[in-house]
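Colleague: Could you take one part of this model and walk me through it closely, from where it sits to what surrounds it? I'd also like to hear how the rest of the chain hangs together around it.

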Amino acid sequence: MAQFPLADRLAALPPYLFAEIDRVKQEVKARGVDIISLGIGDPDMPTPDFIIEALHAAAKKPINHQYPSYRGLLGFRQAVAAWYKVRFGVDLSPEKEVVSLIGSKEGIAHFPLAFINPGDLALVCTPNYPVYNVAVGFCGGTVKYLPLTSDNNFLPDLDAVDNDTWKKAKLLFINYPNNPTSATADRAFYERVVEKAREFNVIVLHDAAYTEVYFNPAKKPMSILEIPGAKDVAIEFHSLSKTYNMTGWRIGMAVGNETLVNGLGKIKENVDSGIFQAVQEAGIAALQQGEPYAEKFRAIYRERRDVMLQALDKAGIGYRKSDASFYVWCNVPKGYTSAEFCTNVLQKTGVVVTPGNGFGAPGEGYFRISLTVDMPLLEEAVSRIIKL
Ligand SMILES: *Cc1c(COP(=O)(O)O)cnc(C)c1O
C-alpha cells in the first residue's frame, strides 16, 4: 500500500475541540431527542427575494458564463465603495482599494500568504475565529495570542505587548463586533490600534463581518478605516454573508491599503478565478437596496436576544449583554469546565451550545449561544434551558 502522510502544515493544525460535542450529539439523537442547535453562526433566514431575482436575471446573461475578472466586477467594487461611503463615510478607490472575495473567509485565509514569511510573527486576539491562526500557520508563521478578557471588555490590552514584540510583529488580527464574545470596539480603541500599527509598521487585519448586526442605532459598529491614517496600515474584510443572510453565496470583499489589497489580489490571481459574475450582480443589488432588509434582520435578532437573556436570567446563568452580533457569550456556572457544561446541557436538554475554549484558551469558563434559529425553536430551547 502506498502511504500518503499529510503535510506538516496539516499535522500542525490545532486539535478539533468540538469532537466530544459532536459525539454526544449523535448519542442524544440516537435516544430520539430532537436536537436544537444554538451552535452554528449561520443565519437561518432566507436571502431576500430581490437578491435572488437579481441573480436569476444575471445568470441568464451569457457574458456572465465566462471567467470573471480577477479583482471582481468593477460594478461590484464600485457598489462596495459606494456602500462604504454611505455607511461609514469612508472613501475608497474601487479600482485600487477594493478586491472581491469568495466570502471573507477565503480572503482572510489567503491574506497571510501575501505578507507572512516562515518564522514571521502575527498577533491574534483570542478567543477567535480559527481561520486567523490557521492561516498564519499554513505560511509557517508564528502566532502570539493576545487574550480577550472581561476585565478589558474583551479588547486586547495593547500596552501589555512589549515593544520587542511589536517590533517583531508583521500582522495583527482584530475582529469587532467580535465572534465569539459579541464585544464591540469604540473609536478610542481603533485609534490606539492604528497608532501602534503605524509606530511599529504592523499590518492590521480587521474582520468586520458583523458590523451590520447591531442593536443600538446610536452606537453603530465602526469601520477601522474611519480612523485618520488607518489606510496606511489596515485592510478590512467584510462580507454580505451575515448582513443579508447570504452565507451560501460566497461573496465578500477586502478594502483599504492599496499595497495590502494588491498583495491579496496577487495571491488570488494564482489560486482562483473570481466569483461567478451573476453572484456579483446580485451582490450589487444587495449592497444598493438591502438596507431595509438588514434593518428587519436586526430587529429579529434583537427580539431573539431579549428572549434568550430573560431565560438566562431565570436559569441563573451570567452573560455579556450583547449590543451586536448574533451571539450571546455566557458564563459557565461554577463547578464545570466549558466542555463539561456544554456536554451536560446537550445530554439533559438536546440543546447544542458551543464551549468557549474551542475558540482559544481564554474562552475557558464561557460558552457561546448563537441566535440563528426561529422564535418557536428558540422558545423551545429556552424552556428546556430554564428547567436545567
Ligand atoms: C462568518 C464569519 C466570517 C466569514 O464569513 P464569509 O461567509 O466567509 O464571508 C468571517 N469572520 C467571522 C468572525 C465570522 O464569524
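Modeller: The domain bounds I'll use come from an automatic or database domain assignment. That assignment gives domain 1 as 8-46 + 292-386, and domain 2 as 49-289. Keep in mind that this is a predicted model.

The part I'd pick is helix α12, residues 338-349. It has twelve residues and reaches 16 Å from its first C-alpha to its last, close to the 16 Å expected at 1.5 Å a residue. Its buried residues are S338, F341, C342, T343, N344, V345, L346 and T349. What covers them includes α2 (19-30), β11 (351-352), β12 (354-355), β13 (366-370) and α13 (375-386). After the helix comes G350, with a positive phi near 75 degrees.

One of those covering strands, β11, holds V352. With a relative accessible area of 7%, V352 is buried. Leaving out residues up to four places away in sequence, V352 touches L346, and also I21, K25, I35, I36, S37, L38 and G39. Take G39: V352 and G39 are 313 residues apart along the chain, yet 5.5 Å separates their C-alpha atoms.

Back in α12, C342 is buried, at 1% relative accessibility. As for disulfides, the structure holds zero. C342 is in none, and the nearest cysteine sulfur, that of C330, is 9.3 Å away. Elsewhere, C139 can't pair up either, because its sulfur is 18 Å from the closest cysteine sulfur, in C125, too far for a bond.

Another residue worth a click is R304, in helix α11 (residues 291-315). R304 is buried at 3% relative accessibility. Its contacts, setting aside neighbours within four places in sequence, are D44, M45, L371, T372, V373, D374, M375 and L378.

Now zoom out to the two domains. Their C-alpha centres lie 25 Å apart, and the contact takes 31 residues from domain 1 and 34 residues from domain 2. About 2,900 Å² is buried between them, with carbon and sulfur atoms giving 61% of that area. On the domain 1 side, R298, D323 and F359 supply 21% of the area buried against domain 2, more than any other three residues. Salt bridges between the two domains? The count is zero.

The structure as a whole does have salt bridges, 21 of them. One joins the side chains of E106 and K268, at 2.8 Å from N to O. E106 lies in helix α5 (residues 104-115) and K268 in helix α9 (residues 258-269), so this pair ties together parts that are 162 residues apart in sequence. Both ends are buried: E106 has 13% relative accessibility, and K268 has a relative accessible area of 2%.

A second pair is D120 with K170, where the closest N and O atoms are 2.6 Å apart. Here D120 is in the loop between α5 and β3 (121-126), while K170 is in strand β5 (residues 169-175), 50 residues apart. D120 is buried at 13%, whereas K170 is partly exposed at 32% relative accessibility.

A third, D159 with K196, has its closest N and O atoms 3.9 Å apart. D159 is in the loop between β4 (142-147) and α7 (163-168), and K196 is in helix α8 (residues 187-200). D159 is exposed, at 55% relative accessibility, but K196 is buried, at 9%. These two also belong to a network of salt bridges that links D159, R192, E195 and K196.

Key
Residues are numbered from 1 along each chain as its sequence is written. This is a predicted model: local features need pLDDT of at least 70, side-chain atom pairs count only at pLDDT 80 or more; totals for chains, interfaces and linings use all residues. Side-chain values use heavy atoms; hydrogens and water are left out. Helices (H or I, at least four residues) and strands (E, at least two) are DSSP runs, numbered from the N terminus. The expected span of a helix is 1.5 Å times one less than its number of residues. Buried means under 20% relative accessible area, exposed over 50%, partly exposed in between (1.4 Å probe, protein chains only). Contact means heavy atoms within 4.5 Å. A disulfide is a pair of cysteine sulfur atoms within 2.5 Å. Buried area is the accessible area (1.4 Å probe) that two parts lose on being put together, summed over both. A salt bridge is a side-chain nitrogen of Lys or Arg within 4 Å of a carboxyl oxygen of Asp or Glu.
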